[in-house]
Amino acid sequence: MPEVNVEINGRKYRMACEEGQQKHLIGLAERFNSQVEALKGAVGEIGDNRLTVMAGIAVVDELAEAERKIKELETEVTVLTRAGQEVAAEYEALEHKFAAKLGDAARALEGAAVALDETAPLPQG
């Protein structure tokens with residue numbers, strides 16, 4: 001199993017990960033370290049453990065907010081999908097009505113043409 005070295009709050013940690021996940025793990029560690037550094041800048045030196053816990057809670061808060069937004073978007077997608085299906089059903093119903101009316105009109109024209117043919121005088125010749 002591959003290992004990578006990451007740095008959090010000035011300390012180096014050796015971590016194992018799945019094959020091919022090295023860059024991803026390093027990126028996550030860098031992102032978490034940025035959170036720690038931002039907190040350290042905001043609250044000052046408060047101890048490594050406390051700082052790490054605060055950064056972890058801040059990251060989980062971001063995750064919770066992202067999950068809430070995802071649920072909102074999933075709800076919007078569901079609503080829009082239903083609306084799209086309703087519009088498609090209405091369009092299909094109108095299309096069927098139009099086809100029926102067009103068929104009625106064609107039959108009426110055909111009937112009129114037959115009636116004209118029957119009443120037209122025969123050519124002399």
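## Helix H2 and its cover

Among the parts of the protein that cover the buried residues of helix H2 is helix H1, which runs over residues 22-43. The buried residues in H2 are Leu-51, Ala-55, Ala-58 and Gly-103. The structure described here is a predicted model, and what follows should be read with that in mind.

Helix H2 covers residues 48-119, and its 72 residues, counted at 1.5 Å a residue, should span 106 Å; the C-alpha atoms at its two ends lie 105 Å apart, which agrees with that expectation.

## Overall form

The protein contains two helices and two strands, and these elements follow one another from the N terminus in the order β-β-α-α. Along its principal axes, the C-alpha trace of the protein spans about 115 × 35 × 20 Å. The radius of gyration of the protein is 36 Å, whereas a compact globule of 125 residues would have one near 14 Å.

Of the 125 residues in the protein, 14% are buried. The area that the protein exposes is about 10300 Å², and 60% of this area is supplied by carbon and sulfur atoms. If we consider contacts between residues at least 6 apart in sequence, 26% of them join residues that are at least 24 apart.

## The two strands

In a regular strand, the side chains alternate between the two faces of the sheet. Strand S1, made of residues 3-8, shows such an alternation: Val-4, Val-6 and Ile-8 point to one face and are buried, while Glu-3, Asn-5 and Glu-7 point to the other face and are not buried.

Strand S1 runs antiparallel to strand S2, which consists of residues 11-16, and six bridges join the two strands. Within this pairing, Glu-3 stands opposite Ala-16 of S2. S1 and S2 form a hairpin with two residues between the strands, and in this hairpin Asn-9 takes a positive phi near 55°.

## Asn-9 in the loop

Is Asn-9, a residue for which the relative accessibility can be computed, buried or exposed? Asn-9 is found in the loop between S1 and S2, and because its relative accessibility is 13%, under the 20% limit for a buried residue, Asn-9 counts as buried.

Once its neighbours within four places in sequence are left aside, Asn-9 is in contact with Asn-33, Val-36, Glu-37, Lys-40, Asp-48 and Leu-51. One of these partners, Leu-51, is also among the buried residues of H2, and two others, Glu-37 and Lys-40, lie in helix H1.

## Salt bridges

Side chains of opposite charge can pair when their charged atoms come close. How many salt bridges does a search of the whole structure find? The search finds seven, and three of the pairs are described below, beginning with the strands.

The side chains of Glu-3 and Arg-14 meet in a salt bridge, at 2.9 Å from N to O. Because Glu-3 lies in strand S1 and Arg-14 in strand S2, this pair ties together parts that are 11 residues apart in sequence. Glu-3, with a relative accessibility of 48%, counts as partly exposed, whereas Arg-14, at 56%, counts as exposed.

In the helices, the partners of two salt bridges are separated by about one turn. An α-helix has 3.6 residues a turn, so residues three or four places apart point the same way. In helix H1, the side chains of Lys-40 and Glu-37 meet in a salt bridge of 3.5 Å, N to O, and because these residues are three apart, about one helical turn separates them. Glu-37 has a relative accessibility of 34% and therefore counts as partly exposed.

In helix H2, Arg-68 forms a salt bridge with Glu-65, and their closest N and O atoms are 2.4 Å apart. Arg-68 and Glu-65 are three residues apart in this helix, which is about one turn. Both count as partly exposed, Arg-68 at 38% relative accessibility and Glu-65 at 33%. Through salt bridges that share partners, Glu-65, Arg-68 and Glu-72 are joined into one network.

Key:
Residues numbered from 1 in each chain as written. Predicted model: local features only at pLDDT ≥ 70, side-chain atom pairs only at ≥ 80, totals over all residues. Heavy atoms only, no water. Helix = DSSP H or I, 4+ residues; strand = E, 2+ residues; numbered from the N terminus. Expected span 1.5 Å × (residues − 1). Buried < 20%, exposed > 50% of the residue type's maximum accessible area, 1.4 Å probe, protein only. Contact = heavy atoms within 4.5 Å. Pairing = 2+ DSSP bridges. Rg over C-alpha atoms; globule rule 2.2 N^0.38 Å. Areas by Shrake-Rupley, 256 points an atom, 1.4 Å probe, with all protein chains shown as cover. Salt bridge = Lys/Arg side-chain N within 4 Å of Asp/Glu carboxyl O.
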